[in-house]
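User: I should like to learn how to read the features of a structure that is new to me. Please guide me through it step by step.

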Amino acid sequence: MSFSELKLHPSLLSNISSKGYETPTPIQVQAIPVLLKGKDLLGIAKTGSGKTASFVLPILQGLLTKPIVERNRQPKVLVLVPTRELAMQVTEVFKELSHNLRQPVKSMAVYGGVSINPQMKALFGVDILIATPGRLLDLQRSKAISLSKVETLVLDEADKMLNLGFHEEMQEIFDLLPKKRQNMLFSATLSDQLSGINRVLLVDPVLVQIEAKPDEEELINLSGYFVPDERKGPLLRHLIREMDMKQVLIFTSSGNKADKVAAKLMGNGIEALAIHGKKSQFARTMALDHFKSGKLPVLVTTDLMSRGIDINELPYVINYELPRSPKDFVHRVGRTGRSSTQGLAITFVTREETQHFKVILKKMKRYIDLIDSETMDFKP
Ligand code: ADP
Ligand code: MG
């Protein structure tokens with residue numbers, strides 16, 4: 001299957017090839033035709049499998065075929081995402097794929113943590129709005145935006161967006177949207193909530209679920225170490241040096257812990273920054289940009305960075321602490337091994353967590369032997 005067989009507009013095909021995509025990924029092959037027909041869709045495919053373009057392309061094609069009558073503060077497309085960084089990233093994909101279209105399309109990200117006034121001004125003439133829920137509601141309340149003309153709603157990381165944490169905001173947003181619209185839900189971890197979502201959101205939806213083929217090569221290699229808490233720091237430094245890690249994303253369970261781990265690495269001559277919800281947006285954006293571009297070798301974070309963030313060919317992820325939820329584990333390790341590139345995800349496990357780790361692996365249908373850090377020789 002090729003992109004041209006998906007009957008996409010020539011200008012889109014040219015943007016696709018400028019982006020370096022040669023053939024559509026399985027979720028793109030299956031989701032794009034369904035979405036072009038205007039159907040609701042529940043798209044489930046593993047991390048790094050190209051879910052973004054599978055909604056961006058049909059959305060752009062849809063806008064191209066409908067002439068824009070007037071430009072105002074009424075976006076036709078609303079994409080909701082859980083974090084500011086993901087809003088920026090998804091917007092970038094919309095922009096890259098909408099270069100030089102027959103009819104210009106304006107996509108824009110709005111998110112909290114930065115001043116609202118420039119966003120208010122810039123919203124004029126927006127076609128596609130990519131937003132985190134809180135800031136979207138602020139803009140709506142101050143009449144900088146109206147959601148009454150939204151024809152297409154996308155929930156990226158849909159299970160997260162429909163989680164308790166966003167419940168009230170999402171309900172308020174749904175109430176502002178026209179009843180008749182096309183809905184698209186995407187995530188790597190969605191299946192168990194299917195029935196609830198169907199009832200609330202989707203009308204006669206098509207389910208596209210891409211399962212791994214039995215003979216498919218596993219891109220995310222997993223390994224793990226038994227290590228007591230007090231030995232985690234020395235083990236981390238040992239692994240970074242021993243494996244000569246040039247780019248590694250480290251997950252901890254709190255912002256406070258992320259700061260501590262980063263500071264300790266710095267104290268030991270390993271350049272690292274922490275990024276989490278309590279940092280300023282300026283610091284967050286700067287650290288992630290430096291990390292993505294390869295200038296910063298180590299980024300220590302929380303589950304803030306676990307959803308959707310695409311770092312080109314990131315070779316290593318380390319779970320310094322085990323997440324409570326198996327889903328978070330799936331998303332964390334899914335920052336590596338994306339788009340047909342191999343990666344390694346290392347997990348630190350204390351003795352008390354052995355059972356919990358087994359549960360996580362079982363859910364993922366994976367099995368690994370843990371290495372006992374006590375049998376290893378590294379400095380305290
Ligand atoms: P997901 O949302 O499924 O986790 P993304 O949409 O972030 O995955 O895509 C993962 C990576 O794969 C991105 O860097 C993206 O540019 C790339 N990608 C997407 N589609 C293709 C394709 N058809 N061919 C090659 N690379 C692709
Ligand atoms: Mg994604």
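User: Which side chain has an N or O atom 2.9 Å from a nitrogen atom of ligand 1?

Analyst: Please note at the outset that this is a predicted model. The side chain in question belongs to Q28, whose N or O atom is placed 2.9 Å from a nitrogen atom of ligand 1. Two further side chains can be read in the same manner. T52 has a polar side-chain atom 2.6 Å from an oxygen atom of ligand 1, and for S339 the corresponding distance to an oxygen atom of the ligand is 3.4 Å.

User: How many residues are around ligand 1, and which come nearest?

Analyst: There are 17 residues around ligand 1, and those that come nearest are Y21, T23, G48, T52 and D310. T52 is thus in this nearest group and also places a polar side-chain atom 2.6 Å from a ligand oxygen.

User: What domains does the assignment give for the protein?

Analyst: Domain 1 covers 3–209 and domain 2 covers 214–375. Their centres, taken over C-alpha atoms, are separated by 29 Å. Each domain brings 21 residues to the contact.

User: How should I read the area buried between domain 1 and domain 2?

Analyst: The general idea comes before the case. The accessible area lost when parts come together is often used to give the size of an interface. Here, about 1,600 Å² is buried between domain 1 and domain 2, with carbon and sulfur atoms giving 49% of that area. On the side of domain 1, the residues that lose the most area to domain 2 are T47, E85 and Q89, which together account for 35% of what that side buries.

User: How many salt bridges and polar contacts join the two domains?

Analyst: Five salt bridges are found across the interface of domain 1 and domain 2. The number of residue pairs in polar contact between these domains is twelve.

User: Which helix gives the most residues to the side of domain 1 that touches domain 2?

Analyst: That helix is α4, with five residues. Both α4 (84–97) and α7 (158–161) supply at least two residues to this side. By character, the residues there divide into five nonpolar, nine polar and seven charged.

User: Where is a salt bridge that links distant parts of the chain?

Analyst: One such pair is E151 and K66, with their closest N and O atoms 3.0 Å apart. E151 is in the loop between α6 (133–141) and β5 (152–156), whereas K66 is in the loop between α3 (51–65) and β2 (77–80), and 85 residues separate the two. Another salt bridge joins D159 to R307, at 2.8 Å between the closest N and O atoms. The full count is 17 salt bridges.

Note on methods:
Residues are numbered from 1 along each chain as its sequence is written. Chains are lettered from A and ligands numbered from 1 in the order in which they are written. This is a predicted model: local features need pLDDT of at least 70, side-chain atom pairs count only at pLDDT 80 or more; totals for chains, interfaces and linings use all residues. Side-chain values use heavy atoms; hydrogens and water are left out. Domain bounds come from an automatic or database domain assignment. Contact means heavy atoms within 4.5 Å. Buried area is the accessible area (1.4 Å probe) that two parts lose on being put together, summed over both. A salt bridge is a side-chain nitrogen of Lys or Arg within 4 Å of a carboxyl oxygen of Asp or Glu. A polar contact is a pair of N or O atoms within 3.5 Å; within protein, one must be able to donate a hydrogen and the other to accept it, and residues adjacent in sequence count only if both atoms are side-chain atoms. Helices (H or I, at least four residues) and strands (E, at least two) are DSSP runs, numbered from the N terminus. Ala, Val, Leu, Ile, Met, Phe, Trp, Tyr, Cys and Pro count as nonpolar, Asp, Glu, Lys and Arg as charged, and the others, Gly among them, as polar. A residue is near a molecule or strand if one of its heavy atoms lies within 4 Å of it.
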